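Student: I should like to work through this protein by asking about its backbone, its interior and its sheets in turn. May we begin once the structure is shown?

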Amino acid sequence: MTDLSLYRNIGIFAHVDAGKTTTTERILKLTGKIHKLGEVHDGAATTDFMEQEQERGITIQSAATSCVWDNHRLNIIDTPGHVDFTIEVYRSLKVLDGGVGVFCGSGGVEPQSETNWRYANESEVARVILVNKLDRIGADFYRVVAQVEKVLGANPLVMVLPIGIEDDFTGVVDLLTRKAWVWDESGDPTKYSIEDVPADMTDKVEEWREKLIEMALDQDDDLMEKYLDGEEPAIDDIKKCIRKGTIALDFFPTYCGSAFKNKGIQPVLNAVVDYLPNPMEVKPQPETDEDGNETGKVAIVDPEKPFRALAFKIMDDRFGALTFIRVYSGKLKKGDTVVNTFTGKNERIGRIVEMHADERIELDSCQAGDIVAFIGLKNTQTGHTLSDMKDVGTLEPMVFPDPVISIAVAPKDKGGSEKMGIAIGKMIAEDPSFRVETDQDSGETILKGMGELHLDIKVDILKRTHGIELEVGKPQVAYRETITQRVEDSYTHKKQSGGAGQFGKIDYIMEPAEPGTGFEFESKVTGGNVPREYWPAVEKGFKGMLDKGVLAGYPVLDLKVTLIDGAFHAVDSSAVAFETAARGAFRQTMPKAGAQIIEPIMKVDVFTPEDHVGDVIGDLNRRRGMIKSQEPGVTGVRIKADCPLSEMFGYIGDLRTMTSGRGQFSMEFSHYLPCPKNVAEEVIKMAAERNAKK
């Protein structure tokens, strides 16, 4: 049985372009997993294997790989940095025990770093920090350390100091051992020497070492007391304190280096082993009931306990669907059967593989603490729990934000329709933040995503990976129609042309219903003027007209019809006659009842640095937004508002411009409200133009 104390499940996360993927490459080289280094800017990085990633030089989907350092097994996930793909970071953090936060030595703590840091705090993931790119012009290790404190509200525990900066950066001083790691200029990460501290750095090293020891010994009162009495603690004791504080999230061991120049990565790997938790040292995952409420039970990380695993990512490649799994408890062999607690269906595990980017290594079994991929699962989606069949339990599911932007797409030729349907099905399984629906009015396929770049990549994948020629339209708003007045009216449908005719007369009230109720029908007919068997036909007639309102052809909401009287003919009346009467009644009365256009209002949650609050609020007001609340936090202010969807297209671009790229927002549908007169007139005019084209 594998010793779980030798496992480290870690993620590498940061802002776009801080050097996450390059850092991952160096780790793989140092651990002997790869022999030739690939560079991101050449499109040759191991973990960036999608065409779109290689072209744009960014990471789009998180990639998983495993390696060994100092007898410890490291399961590493390299995550994207771009805001539109934060979902990948979120779901990776959900299954990791620790992380390496990479910050750019010259760019410092950038906006996406804040978002990822916030996610990591919510997931309670212990982290070490790497201040990367110290060879860059404008790099400043001490400035970035100060930003981590100020912007992220975190405690960086400085473990090393840089020797030189920019072009003169040659290595780091380890504060604990008071030794300098100096790399030569060959670019080989293994070519370094351990030397004494440079003479001009002695005072600085002592000053920072004192800070380090004091912060670390806060974890142990006895050691702190001895230290204050002048007794120097042993390095192993200090390390134990650092490990304890790191796992408790009291501070974050902070390192520096240049991944691109192969300097400073070994101390970070040592820190992962020394200070980040193994799977048994993190809080066990809570189990939940069908409604997502915690049951009080937890999945204990132990191979001998019942099997519990979470599917956190699905990837489709040339060999079929891969389901990435984090095993929380128990063990599993190839050929075993487990139950998916979400679908209630059994899944037989045919193949288990360890992933190295897009290569696989076949395994016979997996156990608590492992991150592996299963091949050939039929009904498992992201966030589903796979459980022991005899002792069933569900892990806390993942919650994904709703998409904020949508576009219409259509294949250029008929043959592309089926191809597109299959391709989109695979893409939805891979990416839970990507949704698709068919517009009932136009029959168009609507793609919904987290931002312009997100949808851009999706369209690109459809075009290039799946070879589908597409026409891409503009986003549409889902307007609706309703009425504002109560009208009592009567309608007679009469058709006689020899033989059996049609006759149906209805007296009714049409009035606005409670918001959110849709359509209500009630009959108050007494005395049999409209026989009971025709009431459903009247309801069906009104209901059938709700799809197309009288103003602009949008569906009608919140309408109540009460049938109060009428008349029938013993021979000519029928269900069809009364249904037709109801249809005519709808067309006749809707305009009299003060028909109006209503628009979707979105619940908008904006996160902005403090110095941009005024600009953001002013802009939301211009978008007809109603500000609901402002909540100051450590790294900025959250503004909650209700805004019409029609005013929110392109908002993410404007928000980033206003906040120097640091603003974030999410929105979800809240309710419908009447449009202002000028907006309603524009909507009606556009609908008339669309109908004229048809």
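The questions and answers below concern this predicted model.

Student: Is Asp-70 buried or exposed?
Tutor: Asp-70 sits in the loop that links strand S2 (63–69) to strand S3 (72–78). Its phi is near 55°, a positive value in a residue other than glycine. Most residues other than glycine have a negative phi. The relative accessibility of Asp-70 is 52%, and exposed means over 50%, so Asp-70 counts as exposed.

Student: What is the relative accessible area of Arg-178?
Tutor: Arg-178 is located in the loop between strand S8 (171–174) and strand S9 (179–183). Its phi is positive, about 55°, although Arg-178 is not a glycine. Arg-178 is partly exposed, and its relative accessible area is 33%.

Student: Which helix gives the most residues to the largest nonpolar core?
Tutor: In soluble globular proteins, nonpolar side chains tend to be buried together. The largest nonpolar core here has 75 residues, of which Val-100, Met-159, Leu-212 and Ile-242 touch the most other members. With 7 residues, the helix that gives the most to this core is H9 (residues 265–275).

Student: How many residues are in the other core, the one that includes Tyr-479?
Tutor: This other core lies apart from the largest one. Val-606, Ile-639 and Ile-652 are among its members, as is Tyr-479, and its residues number 28.

Student: Which residues does Leu-212 contact, leaving aside neighbours within four places in sequence?
Tutor: Leu-212 is one of the residues that touch the most other members of the largest core. With those sequence neighbours set aside, its contacts are Leu-157, Val-158, Met-159, Leu-175, Leu-176, Ile-238 and Ile-242.

Student: Which residue of S11 stands opposite Val-158?
Tutor: Strand S11 (residues 252–256) is mostly covered, with 5 of its 5 residues buried. Phe-252, Thr-254 and Cys-256 point one way from S11, while Pro-253 and Tyr-255 point the other way. Strand S6 (residues 156–158) runs parallel to S11 and is joined to it by 3 bridges. Opposite Val-158 in S11 stands Thr-254.

Student: Which residue stands opposite Cys-256 of S11?
Tutor: S11 also pairs with strand S5 (residues 126–132), in the parallel sense and over 3 bridges. The residue opposite Cys-256 is Val-131.

Student: In S24, what is the bridge partner of Thr-288?
Tutor: An open sheet of 3 strands has the order S13-S12-S24, with antiparallel pairing. Its edge strands are S13 (294–299) and S24 (394–395), each pairing on one side only. Strand S12 (residues 285–288) pairs with S24 over 2 bridges. In S24, the bridge partner of Thr-288 is Thr-394.

Student: Why is one side of S30 and of S32 left without a neighbour in the sheet?
Tutor: Both belong to an open sheet of 4 strands with mixed pairing, in the order S30-S31-S33-S32. One side of each is left without a neighbour in the sheet because S30 (487–495) and S32 (519–523) stand at the edges, each with a single partner strand.

Student: What angle does the direction of helix H12 make with that of S32?
Tutor: S32 and strand S33 (residues 559–567) pair in the parallel sense over 5 bridges, and Glu-522 stands opposite Thr-562 in S33. Helix H12 (residues 535–544) packs on the sheet and touches strand S31 (502–512), S32 and S33. The direction of H12 makes with that of S32 an angle of about 155°.

Student: What is the corresponding angle between helix H13 and S31?
Tutor: Helix H13 (residues 575–589) also packs on the sheet, where it touches S30, S31 and S33. Its direction makes with that of S31 an angle of about 40°.

Technical notes
Residues numbered from 1 in each chain as written. Predicted model: local features only at pLDDT ≥ 70, side-chain atom pairs only at ≥ 80, totals over all residues. Heavy atoms only, no water. Buried < 20%, exposed > 50% of the residue type's maximum accessible area, 1.4 Å probe, protein only. Core = buried A, V, L, I, M, F, W, Y, C linked by side-chain atoms within 4.5 Å. Contact = heavy atoms within 4.5 Å. Pairing = 2+ DSSP bridges. Axes fitted to C-alpha atoms, helices over the stretch in contact; angles between N-to-C directions.
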